[in-house]
Amino acid sequence: MSLLKVHNIDTNIDQYHILQGVSFEANQGEVTVLLGRNGAGKTTTLRSIMGLNPVRSGTISFKNKEIQTMATHNIANEGIGYVPEDQRIFSGLTVEENLKVAMKKKDEQTQKRFEYVLVLFPDLKKLLYKKGGYLSGGQKQMLSIARAYVNNCELLLIDEPSKGLAPIIVEKVMESILDMKDKTTVVLVEQNFIMASSIGDKFYILDDGKTVRNGKMRELKEDEALRRQYLGIA
Amino acid sequence: MDAIINITINGLATGMLIFLLAAGLTLIFGLMDVLNFAHGALFLWGAYAGIWVFTQTDSYLLGVFAAVIIGILLGYLLERYIILPVYGNHIRQIMITLGAMLVLGELVKVVWGPNVMIANTPAILSGSWEFSGILIIKYRLFVIFVGLLVFLGLLFLLNRTKLGLVVRAGVMDKEMVQALGINIRKVFLGVFILGAAMAGLAGILLGPYTGVVYAEMGLEFGLLAFIVVIIGGMGSVVGSAVAALLVGILGSFASYYLPDISLAVNMLLMLIVLIFKPSGLMGTKEAVK
């Protein structure tokens, strides 16, 4: 079942026409990966879904409800969590406070999610009272994912979680996303093809602000020519 | 020695008054990225409305209530109709809030006349205590006490409540707070009104402290509050408190010992802080960005 449906969206940032017809669908319980070279429009696509870069035309439906004209906070409250490219944790707040900003309810379910992310990322449990600014890159990434998830989200948009991280940390982050897959649907933007192909169920390739190819991840794994053409990798 | 103690108490009281004005301004600056040059007008209207009600009713408490209410009301109108259309544009913010400051300053003269308004000290707070030959004026201690109370209240709000957590997060990254499902506009309005209420309170507190209120004091104290915000660090309430006390005490000593350069002392202090710590005493680099 399709949880998120992005149909032919166009987005401008200042005078630049960044997205020129991006379309894709994310099915419940799957990891959908957006691939493409730098500047293809992957990050802008996620920001457009969140309403941070409002779309000029096209539609975005989440649980069959159009959300493209909604304010960012309302989009988030529909059940979409966002993990930005540069993590953007609140560096002056402790790990616990970073999580608590996102926890809008005090119900049992939210508490369970809070406990779950601390089990998923044991590093965060140890650093609960440490300020975000003192965390390593990997720990910041874990906190950013945990913060998005703890807010009762059904769909997680994750932007390049492996960027700038050591391979061993990338592996940890990858494992955590796989673990969360049972509980939430994921749209992942990722340049690291090894990571993307290991956890992705299906892929969409973006090029020059348009969706140019899509399919099952195993098809892309087997199609070297396609990878070379759009991703520049063998 | 008694002169030094008296000057210090004066400085602390002045510092607390400036703090009440600067605390709201620093949060508005840090959280909303708004340069509100009309903040002094809220202080001015708080002073006039409060003192007027106090004079008419002979109740200082009612005067305080009126000052806070007028601050809240004007703060709401200012945020909704003057500042909301210019979010994200500093040049327009400076122009329009400076204009609002001038208009509100002139309106005070229309409502209460062009002359200064005499502000008496409430009977219960008038007079002084004498300790070992040192006279301590009761009202000044009262101002220090109220300032301290507001400071502690703000610290509690910011550090012990969910709203405070959201405000602190918002000062660091507004966009991310919205992406977590929080309506930052509502938080903006709440913070703006809180700042306006504190400005109104500072206004009525100043009246009996100086004995008169006058239309130009809005701009005068508004400028001082801006200096304090810059010295303390944008968005930092503790920074504002420290800077306000520094400015208040330094100003008092300078007026007593070096009256010719007393006005330059605050500017000099700001200059030194900006050279060695451009983000202010307790400001973060994020806030400067």
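This report describes a predicted model of two chains, A and B, beginning with the sheets of chain A and ending with the contact between the chains.

## The annotated domain of chain A

In an unreviewed UniProt entry, residues 4–233 of chain A are listed as "domain: ABC transporter". Over that span, chain A is 39% helix and 27% strand, and the C-alpha atoms at its two ends are 29 Å apart.

## The antiparallel sheet of chain A

One open sheet of chain A has 4 strands, arranged in the order E2-E1-E4-E5 with antiparallel pairing. The edges are taken by strand E2 (16–27) and strand E5 (65–66) of chain A, each of which has a single partner strand, so one side of each is left without a neighbour in the sheet.

Strand E1 (residues 2–13) of chain A is joined to E2(A) by 9 bridges in the antiparallel sense. In this pairing, Ile13(A) has Tyr16(A) of E2(A) as its bridge partner.

## The mixed sheet of chain A

Another open sheet of chain A is built from 6 strands in the order E6-E7-E8-E3-E9-E10, and its pairing is mixed. Strand E6 (80–83) and strand E10 (210–216) of chain A stand at its edges with a single partner strand each, so one side of each lacks a neighbour in the sheet. On average, and with direction ignored, neighbouring strands of this sheet are turned by 15° against each other.

At the E6 edge, E6(A) runs parallel to strand E7 (residues 155–159) of chain A, and the two are joined by 4 bridges; within this pair, Gly81(A) stands opposite Leu156(A) of E7(A). Helix H6 (residues 137–150) of chain A packs on the sheet, where it touches E6 and E7 of chain A, and its direction makes about 170° with that of E6(A).

## Annotated spans and helix packing in chain B

For chain B, an unreviewed UniProt entry lists several spans as "transmembrane region", including residues 187–209 and 221–250. Residues 187–209 of chain B are 100% helix and 0% strand, with end C-alpha atoms 33 Å apart, whereas residues 221–250 of chain B are 87% helix and 0% strand, with end C-alpha atoms 16 Å apart.

Helix H9 (residues 217–232) and helix H11 (residues 262–276) of chain B pack with their axes 9 Å apart and at an angle of about 25°, which is under 35 degrees, and H9(B) and H11(B) are therefore roughly parallel to each other. The crossing of H9(B) past H11(B) is left-handed. Leu224(B), Ile227(B), Ile230(B) and Ile231(B) of H9(B) make this contact with Asn266(B), Leu269(B), Met270(B) and Val273(B) of H11(B), a set that divides into 7 nonpolar, 1 polar and no charged residues.

## Helix H6 of chain B and the contact between chains

The axes of H6(B) and helix H8 (residues 184–210) of chain B come within 11 Å and cross at roughly 105°; H6(B) and H8(B) are therefore roughly perpendicular to each other. Here Val166(B), Val167(B) and Gly170(B) of H6(B) meet Ile184(B), Val187(B) and Val191(B) of H8(B), and the residues of this contact divide into 5 nonpolar, 1 polar and no charged.

The contact between the chains takes 18 residues from chain A and 16 residues from chain B. On the side of chain B that touches chain A, the elements giving two or more residues are helix H6 (162–172) and helix H7 (174–179) of chain B, and H6(B) gives the most, with 5 residues. The residues of that side of chain B divide into 8 nonpolar, 4 polar and 4 charged.

Methods: Residues numbered from 1 in each chain as written. Chains lettered and ligands numbered in written order. Predicted model: local features only at pLDDT ≥ 70, side-chain atom pairs only at ≥ 80, totals over all residues. Contact = placed C-beta atoms within 7 Å. Nonpolar A, V, L, I, M, F, W, Y, C, P; charged D, E, K, R; others polar. UniProt positions renumbered as here; feature names shortened; annotations may be inferred. Axes fitted to C-alpha atoms, helices over the stretch in contact; angles between N-to-C directions. Parallel < 35°, antiparallel > 145°, perpendicular 65-115°, else oblique. Left-handed = near helix turned anticlockwise from the far one by under 90°. Pairing = 2+ DSSP bridges.
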